[in-house]
Amino acid sequence: MGRSQRIAIVFECFVRAGSQRHIVEILKGIRLFKPELECTLFLIAQHGEGWETFLPEVEAIGFSVIQIPYLFRRKEGAGIVARVYNWWSRHYYEHKLNLSFYHALQQYDVVVCAQPFVADLLLPHLHRNQRFCFHLMEHLSQRKKHSHYKFLRSSR
């Protein structure tokens, strides 16, 4: 029997909200029906003081949680200079700023993300052999723009 699959689930933060509750239930199901899967929850932003989280539930079912703040280097504004700089930063410079995070993710076979903003950060930097699963857990009416649906069509 080969080694078990390793799955990294990446969230911005894990405050008490619907999509986070959904992930908790998925993790409970994994623990119950596929205990051989190794899952780790990565949180790339700090939650605000006084905000409740689902972290106790995740830790109670035996999954590890790694909090590793994602570092940004962006320019304000919508002008061409800011847009070009921000694209360059997202694709190249932020990889260097967050090198330990991306090295940690390389240890996983599959990266799962449920937030469009986080998926947009991750896609340029994942290893080409890693599978990427973008699981959208919101209703169409929650957003005015639907450009994030491009992640659902990604070949990875």
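Leaving aside neighbours within four places in sequence, N86 is in contact with R74 and K75. In this predicted model, the side chain of N86 reaches the backbone nitrogen of K75 at 2.7 Å. N86 is found in helix 3, which spans residues 80-97. With a relative accessibility of 17%, N86 counts as buried, because the cut-off for burial is under 20% relative accessible area.

The setting of these contacts is the chain as a whole. The chain contains five helices and five strands, and from the N terminus on the elements follow the order β-α-β-α-β-α-α-β-α-β. Of the 156 residues in the chain, 40% are buried. Among contacts between residues at least 6 apart in sequence, 65% join residues at least 24 apart. The accessible surface of the chain comes to about 9,600 Å², and carbon and sulfur atoms account for 55% of this surface.

Helix 3 was examined further. A kink of about 50° is present in helix 3 and is centred on S89. S89 is itself one of the buried residues of the helix, together with A82, N86, R90, H91 and E94. The cover over the buried residues of helix 3 includes helix 4 (99-105) and helix 5 (116-122). Helix 3 also contributes to the nonpolar surface, since V84 is found in this helix and V84 forms a nonpolar patch on the surface with I80 and V81. Together, the three residues of the patch have about 310 Å² of accessible area.

Helix 3 is further joined to helix 5 by a charged pair. D120 forms a salt bridge with R90, in which the closest N and O atoms are 3.2 Å apart. D120 lies in helix 5 and R90 in helix 3, so the salt bridge ties together parts that are 30 residues apart in sequence. The two partners fall in separate accessibility classes: R90 is buried, with a relative accessible area of 17%, whereas D120 is partly exposed, with a relative accessible area of 23%. The division follows from the cut-off, because a residue counts as buried under 20% and as exposed over 50%, with partly exposed in between.

The structure holds five salt bridges, and the D120 pair with R90 is one such interaction. Another is formed by E38 and R6, with the closest N and O atoms 2.9 Å apart. This pair links distant parts of the chain, as E38 is in strand 2 (residues 38-43) and R6 is in strand 1 (residues 6-11), 32 residues apart. E38 is partly exposed, with a relative accessible area of 33%.

A salt bridge within a single helix is also present. The side chains of E25 and K28 meet at 3.7 Å, N to O. Both residues lie in helix 1 (residues 18-33), where a spacing of three residues places them about one turn of the helix apart. E25 counts as partly exposed at 40% relative accessibility, and K28 is likewise partly exposed, with a relative accessible area of 35%. The pair belongs to a wider arrangement, in that R21, E25 and K28 are linked in a network of salt bridges.

Terms used. Residues numbered from 1 in each chain as written. Predicted model: local features only at pLDDT ≥ 70, side-chain atom pairs only at ≥ 80, totals over all residues. Heavy atoms only, no water. Helix = DSSP H or I, 4+ residues; strand = E, 2+ residues; numbered from the N terminus. Buried < 20%, exposed > 50% of the residue type's maximum accessible area, 1.4 Å probe, protein only. Polar contact = N/O pair within 3.5 Å; in protein donor to acceptor, adjacent residues only side chain to side chain. Contact = heavy atoms within 4.5 Å. Areas by Shrake-Rupley, 256 points an atom, 1.4 Å probe, with all protein chains shown as cover. Bend = angle between axes of the 7 residues up to and from the residue. Patch = residues over 30% accessible without salt bridge, like charges linked within 9 Å, V, L, I, M, F, W, Y side chains within 5 Å. Salt bridge = Lys/Arg side-chain N within 4 Å of Asp/Glu carboxyl O.
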